[in-house]
Amino acid sequence: MNKIFLIAGREFLSRVRKKSFIVMTLLGPLLIAGFYALIIYLSVNEQISNDLKRIIVIDESGVFKDKLKENDFYKFDYKNEPLDAARLQLRNEDYFAVLHIPQTAADSLKGFKLIAATQTSWKDESYIEDKLNKVVSDIKFSQHGIDQKLIDEINNTSVSLESVRDTKEGLEKGSTAISTGLGFVGAIFIYMFIFIYGVQIMRGVMEEKTNRIVEVIISSVKPFELMMGKIAGIAMVALLQFLIWVVLSTVLGGGVTGALSDKMSMMQDAGAAMSQSGKAALVSDIMSQASQINVWLVGGMFLFFFITGYLFYGALFAAVGAAVDSETDTQQFMLPITIPLILAFFLAQTVVVSNPNGSLATWLSMVPFTSPIIMMVRVPFFTGAWDWSWGWQIIASMCCMLLGILVTTWMAGRIYRTGILLYGKKITYKELGKWLFYKA
Amino acid sequence: MQSLQIINVSKQYAHHKALDSVSLAVPKGSVYGLLGPNGAGKTSLIRIITQITGADEGEVLFNGEKLNPSHIYRMGYLPEERGLYKKMEVGEQLLFFARLKGLSRADAMHKLKDWVERFEIKNWWTKKVEELSKGMQQKVQFIATVLHQPELIILDEPFTGFDPINANLIRDEIIRLNKEGSTFIFSTHRMETVEQLCDHIALINKSKVVLEGEVKQIKNQFRTQTYEVEHSICKLQLSSSFVLQKSTPADGNMALSEIKILHGTPNDLLKELMPVSHIHSLKEIVPDMNDIFIQAVNKNVTTPSAVTL
């Protein structure tokens, strides 16, 4: 046991002292925050990703002139000239497309043509279709003597649905948006750390193997102790890095939140003033949703799956490192490890989010290969006080995970102790299977 | 008293038998040479002694006790393929290895001080291993092997990669440690090392021990009663007790003749030679380890009983 500590200590110190660790730990949160900020910025400010598109309209019916709605991305130039002349301009001038409307089109709803020099996007087509529809339907409404104001009022109908859960303590407000967000942030962290630090375990094992240090070391310690020491040491590095990130983002985030809450209270004041301000309602909605989340449960489960997910996959990564001689050979053995992880992450965003308590989600959160990510996404939906209706799932999932760790660690230990002493041989899956049952 | 006894040890890998009921005994305080061609099973045997792997059959006794994990603290092992953590500083690395062998930090520091001075490597202490030359790295690794003052030190090809000066330094250290009571096992195919240092040897070929014992005795066993005589050129006419194997001219009207004695003693040979020529010298042609090695291996190959596969 002492030896495991000694080896873990060496792993920990040699990694923490590296420049790359310090740089990554300090810059990591900034990089991640910057990355997400960029995505949000780009999707909010569409002007950056979209240029203005000018479209020539050849309207032979005369019905649509000056009636197609424009916005920042689409402008319509109505011209009275033959189609061929317009098409020539398409080539020479700065036009995106020609919209040709034949004489009978408004009645038959057929024959509209969008002619562009490049392939138009789905978005372009649906925008123009939508605007054409609007003009035609407006004409039809007025033909039937329906007032334009009435139409607008009907179109602006918006129902507000409040989701409420029936619990023992009475009715509780639902918390879908916040739960989803929280679950995802947790799952992303778990996914990232399993990958980053799992690969570090694999590389570390391979380094010892190819440098032949391993033979000296395992004449002093058992291979299993060496493997566990390595996994534990790297786990400490991961936890330290995560802790620093949490502290950093609290300190840095403190400033940002301060600035934000000023803004929020201003908005709330404004909201009160405007009586029906949607924004103020949204803010108070988020606040009340957040208060529903069981912070201790979510935090505890995150820590549990953060550590156990790493241990489960870490053992497998160690086995891969022991089985191969060089990085290029790792691919074939990495696949069975990476596929469940990526699959879990993909399913979490699709099936699990749309139906967090469905049977597929429930089963996936029992299987140790997928549970760290799937269960993490589901946990924030278990709100309120402890309830056995979902409590059993958490207990079962944790038990399966611990059992899974025992199995993968046992397997990895077997593969490891044979693999690290074997050089210059291409290993097959069949061979790995045999190693499991070798006598030491 | 035996430091190490190997009794009928066998080890089977998937498709070949690495060791086939190997038995040998390493006396306490000896320098024991483990010889054999590549792939004979030397490394497999060493891995069993150092408890890296276990034997399928047979028994290993260390100081008369059945091998157990506590024994690894009393052994030191230098593998043929050397390896150190490249990014780690020399001092830290030595401390790490010493503590793996059960020394406390303070104890290890104390012992290291002595070695660092002896090997004159004080200014390497904070250097990373990758900054050292290969020979320097080997020195560091040698210290790591013997630092915890093991009773049994196993060295796999210890002199490869050393320049003559450093090789001498290591040789002197081996002799010193041996005098202080450490038993050594060498695995090597360098016969000059064996002649210089070993007092006992075992020759392993094709998973079996083909020769074992004290170097003196083995040499005796391989003596062929052949003598080299330097004498003035003349026609040698020998009785049936002697066979002239070859005669080559040498400097100054002399000849060198190899004569095998079938019956009698070197004195009898001299008696027969003296009347016909001037004799300058006579010495026994003693087989060196190289000859013995080649002879034993070849014999082993051609003897049908030795073919086990």
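The following exchange examines how several descriptions of this predicted two-chain model are justified.

Colleague: What makes up the secondary structure of chain A, and what share of its residues is buried?

Modeller: Chain A comprises 17 helices and 6 strands. Of its 440 residues, 29% are buried. A residue receives that label if 20 or more other C-beta atoms lie within 10 Å of its own.

Colleague: Which domains does the assignment give for chain A, and how far apart are their centres?

Modeller: The assignment gives domain 1 as 49–138 and domain 2 as 178–248 + 286–435. The C-alpha centres of domain 1 and domain 2 of chain A are 54 Å apart. As for contacts within chain A between residues at least 6 apart in sequence, 71% join residues at least 24 apart.

Colleague: Why are α8(A) and α12(A) called roughly parallel?

Modeller: The axes of helix α8 (residues 176–210) and helix α12 (residues 295–323) of chain A cross at roughly 30 degrees and come within 8 Å. Angles under 35 degrees count as roughly parallel, and α8(A) and α12(A) are therefore described in that way. Their crossing is right-handed. The contact between α8(A) and α12(A) has 21 nonpolar, 5 polar and 2 charged residues.

Colleague: What makes the pairing of α8(A) with α13(A) roughly antiparallel?

Modeller: Here the axes of α8(A) and helix α13 (residues 331–354) of chain A cross at roughly 175 degrees, coming within 11 Å. An angle over 145 degrees counts as roughly antiparallel, so α8(A) is roughly antiparallel to α13(A).

Colleague: Which residues make that contact, and how do they divide by class?

Modeller: From α8(A) come T180(A), A187(A), Y191(A) and I194(A), while α13(A) supplies L341(A), F345(A), A348(A) and V353(A). By class, the contact of α8(A) with α13(A) has 7 nonpolar residues, 1 polar residue and no charged residues.

Colleague: What is the corresponding picture for chain B?

Modeller: Chain B has 9 helices and 14 strands, and its C-alpha trace spans about 75 × 45 × 35 Å along the principal axes. Buried residues account for 35% of its 309 residues. Of the contacts in chain B with a separation of 6 or more, 69% involve residues 24 or more positions apart. The domain assignment gives domain 1 (2–220) and domain 2 (224–284), and the C-alpha centres of these two domains of chain B lie 45 Å apart.

Colleague: How do you know whether L94(B) is buried or exposed?

Modeller: L94(B) belongs to helix α2 of chain B. There are 25 other C-beta atoms within 10 Å of L94(B). The label "buried" requires 20 or more, so L94(B) is buried. Leaving aside residues up to four places away in sequence, L94(B) touches L112(B), V140(B), I143(B), A144(B) and L147(B). Its C-alpha atom is 9.4 Å from that of W125(B), a residue 31 positions away along the chain.

Colleague: What makes the phi of E157(B) noteworthy?

Modeller: E157(B) has a positive phi of about 45 degrees although it is not a glycine. Most residues other than glycine have a negative phi. E157(B) is located in the loop between β7 (152–156) and α5 (164–179) of chain B.

Colleague: Why is E157(B) called partly exposed, and how is S207(B) classed?

Modeller: E157(B) has 18 C-beta neighbours inside 10 Å. Counts of 20 or more are classed as buried and counts of 12 or fewer as exposed, with partly exposed in between, so E157(B) counts as partly exposed. S207(B) has 23 such neighbours and therefore counts as buried. S207(B) also has a positive phi, near 70 degrees, and is not a glycine. The loop that holds S207(B) runs between β9 (200–205) and β10 (208–214) of chain B.

Colleague: How many residues does each chain bring to the contact between the chains, and which element of chain B gives the most?

Modeller: Chain B contributes 19 residues and chain A contributes 16 residues. On the side of chain B that touches chain A, helix α2 (residues 90–100) gives the most, with 3 residues. The residues of that side of chain B divide into 9 nonpolar, 4 polar and 6 charged.

Note on methods: Residues are numbered from 1 along each chain as its sequence is written. Chains are lettered from A and ligands numbered from 1 in the order in which they are written. This is a predicted model: local features need pLDDT of at least 70, side-chain atom pairs count only at pLDDT 80 or more; totals for chains, interfaces and linings use all residues. Two residues are in contact if their C-beta atoms, placed from the backbone, lie within 7 Å. Helices (H or I, at least four residues) and strands (E, at least two) are DSSP runs, numbered from the N terminus. Ala, Val, Leu, Ile, Met, Phe, Trp, Tyr, Cys and Pro count as nonpolar, Asp, Glu, Lys and Arg as charged, and the others, Gly among them, as polar. Domain bounds come from an automatic or database domain assignment. Axes are lines fitted to C-alpha atoms, for helices over the stretch in contact, and angles run from 0 to 180 degrees between N-to-C directions. Angles under 35 degrees count as roughly parallel, over 145 as roughly antiparallel, 65 to 115 as roughly perpendicular and the rest as oblique. A crossing is left-handed if the near helix is turned anticlockwise from the far one by less than a right angle, and right-handed if clockwise.
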